[in-house]
Amino acid sequence: MEYKKLVEIYNKLGSTTKKLEKADILADFFKHAEADLDVVVMLSLGRVFPKGEKELGIADKLIIEILKKTCGATQDEIIKLFKKTGDLGTTAEMLVKNKKQATLFKRELTIKKIFENLKKLPDISGAGSQEKKIDIVSELISSASPEEAKYIVRTILEQMRFGVSDGIVRDAIARAFGKTPGEIERQYNFTGNFGSVAKLAKENKLYAELEIGKPIRCMLADRAGNLKEAMEKFNNPAIEIKMDGFRTQVHKYGNNVKIFSRRMDEVTSQFPDVVGLIRKYIKADSVILDAETIAVNPVTKAPLAFQVLSRRIQRKYDIDKIVREIPVQVNVFDLLALNNKSYMDESLLKRWEKLKSIVTVKTNIRLVEHMETKDYGKAEKFYKKSLSMGEEGVIVKNLDAYYQPGRRVGYWLKVKDMLEPLDLVVIGGEWGEGKRAKYVGTILLGARRGTEFVATGMLGSGLLEKETEGSEKVTLQKLTNELKKDIIEEKGNEIKVRPRIVLEIGYEEIQKSSKYPSGYALRFPRLLRIRTREKNPEDADTVATIEKIYEQQIRKQKN
Ligand code: AMP
């Protein structure tokens, strides 16, 4: 299908604010999509990959480079337009329009071509990767009409601006193929991908029943602020070690074994050793298990970091060799089905009891360490032991809860050891959306470099009220009022503020990042305290400190 047809739909979606109308527009479009229905559905959501899967990893800066290359505009011209429009999509549209008058060159862009090019982006890494990414997107922009360029850029930046939510797409698929929204939602919980759900609905093949051999989305964990908070959440908690490995969903029927990843990719051929272990040590005719697979030292059998294991996951050849070099250990922690009976609606208490009866524990296949206790002291000991063993932390689980595929429903809470907190300065933000439009929705955090402050992460203010631990309670209203005093520039929904407010920020990890000028990004930042009373911006942490913590972290991972 030609991309311009989808562009027409985007325009229609943008012309109404009514959800029902949007669903009708999409339903009609989905009905007439043929072979590329799954791609059409994903792009209607403004996504290339399902949520929680890969990220395209393209920031504003790279788009500007792409526009420079394809439209022959200078950096200054582009920035000026960007500042005026507040949207790089519209900027691209205007630049392509100018250029088109000069060249008149045009090749039809298909939806498939767009999808295939964008799909390549997340896997490009290493030397010359920026140039490769620029080439891939430039190829599209240089054949695009002005409007097409606008939407290509918006898709890449995941800012479609026409308000199509998962719910609308779910309803549209239901309407297009004569199903109920409930049926579509259930299937989505199994497959996690609206593209494939639409195909199944069209072919009357919805299978929202547990089926051995077909992957199901994994249950996910929420984050808890600390162990105490997690333990207090449940009447009947269990605490388990959180192993740092690879989520493994195992399906066994008779002598057949299939292994799926968290993303539901089949990885059976990369793990022939796991297949052997399951055949031998799981006593069941048919079973679906949830487990974490870790790499272990071939001699001492001590756990190794995830980075080592990832070599096994990526390997497509010489499997036998790498199986010997990097042996693994399977840590089973849940049971979804046994002997043709689903256990997903049973409590964890029951699932765990049953699981214990079918696993023969050996060095390379075990049950995850699991303790059922309401006693905080005992839980704390367990947590400390797990950290001293070099594990990531623990997961506190609700023993009364059923298995909820694909969702973070708060029945599992992870508690991880955090790196030393940083004092960072608020340097900007974005206004919220919808009901939250009058509040600051996200906050841009800056670290000190000389006399400047450079961005190093974004903090979602949705987390503020819930997660603040300090004595001074932060409300969204209060923070917004404070920030309003400091605004020095406003562009679209973005604000730039005078550096004044100092926040103590906890996080799980520091990553190198081309997105932020500091070169580093904090993973899962969360607000611990406001420190403005104790600290001036000049006392905030520096980029050099972040660099130091990053290096410590890398050393720790290598050990
Ligand atoms: P995260 O990846 O930080 O969201 O943490 C959730 C992941 O922890 C799961 O997807 C599993 O791969 C992993 N994990 C490790 N140990 C356990 C466990 N005992 N129970 C559940 N998940 C675990």
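Guide: Axes are lines fitted to C-alpha atoms, for helices over the stretch in contact, and angles run from 0 to 180 degrees between N-to-C directions. This is a predicted model, in which local features need pLDDT of at least 70, side-chain atom pairs count only at pLDDT 80 or more, and totals for chains, interfaces and linings use all residues. Residues are numbered from 1 along each chain as its sequence is written, and side-chain values use heavy atoms, leaving out hydrogens and water.

Visitor: Why are H2 and H3 called roughly antiparallel?

Guide: The axes of helix H2 (residues 19–32) and helix H3 (residues 37–44) cross at roughly 160° and come within 9 Å. Angles over 145 degrees count as roughly antiparallel, and H2 and H3 therefore qualify.

Visitor: What makes an oxygen atom of the ligand a polar contact partner for the side chain of arginine 247?

Guide: A ligand oxygen lies 2.8 Å from an N or O atom of the arginine 247 side chain, and a polar contact is a pair of N or O atoms within 3.5 Å. The side chains of lysine 242 and lysine 416 each have an N or O atom 3.2 Å from a ligand oxygen. Alone, the ligand exposes 490 Å², of which the protein buries 91% (Shrake-Rupley method, 1.4 Å probe).

Visitor: Which elements give two or more residues to the shell around the ligand?

Guide: They are strands S2 (237–242), S10 (393–398) and S11 (412–416), strands being DSSP runs of E, at least two residues long.

Visitor: Which residues are closest to the ligand?

Guide: Of the 14 residues surrounding the ligand, the closest are Arg247, Arg262, Glu292, Lys397 and Lys414 (one heavy atom within 4 Å makes a residue near).

Methods: Polar contact = N/O pair within 3.5 Å; in protein donor to acceptor, adjacent residues only side chain to side chain. Helix = DSSP H or I, 4+ residues; strand = E, 2+ residues; numbered from the N terminus. Parallel < 35°, antiparallel > 145°, perpendicular 65-115°, else oblique.
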